[in-house]
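Work through the exercises below with the sequence and the structure at hand. Each task is followed by a solution in steps.

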Amino acid sequence: MITLEQQETARKQLENKGFLDLPVKPDMDFVSEINRLRKEKNAVILAHYYQFPEIQDIADFVGDSLGLAQQAAGTDADIIVFAGVHFMAETAKVLSPEKKVLLPDLKAGCSLADSCTPEEFGAFVKQHPDHIVVTYVNCSAEIKALSDIVCTSSNAVKIINSIPKDKPIIFAPDINLGKYLIKETGRDMLLWSGACMVHEAFSIDKLLAAHKEHPNAKIIAHPESESHILKVATFIGSTAKLIEYVKNDPAEEFIVATEAGILHQMSKEIPHKKIIAAPAYEENKCACSECGYMKMNTLQKLYLCMKYEQPEIILPEGIREKALRPIERMLELS
């Protein structure tokens, strides 16, 4: 039995630890307990494609960050539990201010989002007052609040092409996606120099070696990857688009250059095809590129955050409203 004193101590340690550090029964069935709490609290569970398989399997919705936030907004749930990273839970709160939004671990951040701080980016934007500010959805609510339009990896080309050609553009925070968009649209944009450590971890030498071992495999990649990886890819697209491509393309083998968590969903949806993770520079248990932030969420943390409804994502209403406007502009354009 966890005492009120233990609960209060755990809540006080949230900022430091990031999650509720409370004991659980060693034989606890997390899946059944999470299912019970979901029904009891009228909660919806969202899981990004990069989460552990067991979290993806228990979620109500699995998908891309913005798509998940939109799906949750369309439900009558009172609580949104976002198994993803911090900026994703913030986006859910931006779209669903009336719902309580929980994140299993507040320390589940994002190297790309962290590369663009409001102070530095705000100063950068002020230096270029004539520019339209387009930000990739993988950024904090504060960065969105400084933006004119938000985009996703799926609609970025369309968003950039919708901007009048005589209007200069700032694109942030992903420099690799920015370079890809310059190539695809022909627009000369001013790029912020941020990047995702996962998508910069792919080894071109190992990738080509893997393709030599599997010569019939098609290389597909997320546009957050570096240019030399994208250059050898047959198809480039968002996580959802990568899954769609594997489903519809006649090829039987694919080497996938994005975070390895997506392979679980691909294998579930297309079990008869061979899916190979693009290799990373450093060796790890899967010899692939994994996001340590995404993997901070566990079934135990998911259970505890649902039981005690902490950690909760709180946004100042002024920031939330300002962050909502560029998302709404994107939805109007796309």
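**Exercise 1. Locate Pro311 and describe the peptide bond before it.**

Step 1. Pro311 lies in the loop between helix H16 (299–308) and helix H17 (317–333). The model is a predicted one.

Step 2. Gln310 and Pro311 are joined by a cis peptide bond, with omega about 0°.

Step 3. Glu309 belongs to the loop between H16 and H17. Its phi is near 55°, a positive value in a residue other than glycine.

Step 4. As background, most residues other than glycine have a negative phi, and most peptide bonds are trans.

**Exercise 2. Find another cis peptide bond and another positive phi.**

Step 1. Ala172 and Pro173 are joined by a cis peptide bond, with omega about -5°. Pro173 sits in the loop between strand E7 (169–172) and helix H11 (175–185).

Step 2. Asn42 is not a glycine, yet its phi is positive, about 50°. The loop that holds Asn42 runs between helix H3 (30–41) and strand E1 (43–48).

Step 3. Is Asn42 buried, partly exposed or exposed? With a relative accessible area of 29%, Asn42 is partly exposed, because the partly exposed class lies between 20% and 50%.

**Exercise 3. Describe how strand E3 is paired and covered.**

Step 1. E1 and E3 run parallel and are joined by five bridges. Leu46 has Phe82 in E3 as its bridge partner.

Step 2. E3 and strand E4 (residues 100–102) also run parallel, joined by three bridges. Here Ile80 stands opposite Val101 in E4.

Step 3. Five of the five residues of E3 are buried. Ile79, Val81 and Ala83 are on one side, and Ile80 and Phe82 are on the other, so both faces are covered.

Step 4. This fits the general pattern: in a regular strand the side chains alternate between the two faces of the sheet.

**Exercise 4. Decide whether the buried residues of helix H5 share a face, and say what covers them.**

Step 1. The buried residues in helix H5 (residues 65–73) are Ser65, Leu66, Leu68, Ala69 and Ala72.

Step 2. Seen down the axis of H5, these buried residues fall within an arc of 160°, so they line one face of the helix.

Step 3. The cover over the buried residues of H5 includes E1, strand E2 (61–63), strand E3 (79–83), H6 and H17.

**Exercise 5. Describe the nonpolar cores.**

Step 1. The largest nonpolar core has 79 residues, of which Val134, Phe171, Val256 and Met266 touch the most other members. Helix H6 (residues 86–95) gives the largest share of this core, five residues.

Step 2. Another core, of 26 residues, lies apart from it; among them are Leu22, Ile58, Ile79 and Cys305.

Step 3. Leaving out residues up to four places away in sequence, the contacts of Phe171 include Val134, Tyr136, Leu181 and Trp192.

**Exercise 6. Contrast the surroundings of Lys144 and Asn248.**

Step 1. Lys144 is in helix H9 (residues 141–144), and Asn248 is in helix H14 (residues 239–248).

Step 2. Lys144 is buried but has no salt bridge. The nearest side chain of opposite charge is Glu90, 5.8 Å away, and a salt bridge needs a distance within 4 Å.

Step 3. Beyond four places in sequence, residues touched by Lys144 include Phe87, Thr91, Val150 and Lys322.

Step 4. Asn248 is exposed, because its relative accessible area is 60% and exposed means over 50%.

Conventions:
Residues are numbered from 1 along each chain as its sequence is written. This is a predicted model: local features need pLDDT of at least 70, side-chain atom pairs count only at pLDDT 80 or more; totals for chains, interfaces and linings use all residues. Side-chain values use heavy atoms; hydrogens and water are left out. Helices (H or I, at least four residues) and strands (E, at least two) are DSSP runs, numbered from the N terminus. Buried means under 20% relative accessible area, exposed over 50%, partly exposed in between (1.4 Å probe, protein chains only). Lys and Arg count as positive and Asp and Glu as negative; His and the chain ends are not counted. Contact means heavy atoms within 4.5 Å. A nonpolar core is a set of buried Ala, Val, Leu, Ile, Met, Phe, Trp, Tyr and Cys residues joined through side-chain atoms within 4.5 Å. The arc is that of the directions from the helix axis to the C-beta atoms. Two strands pair if DSSP finds at least two bridges between them.
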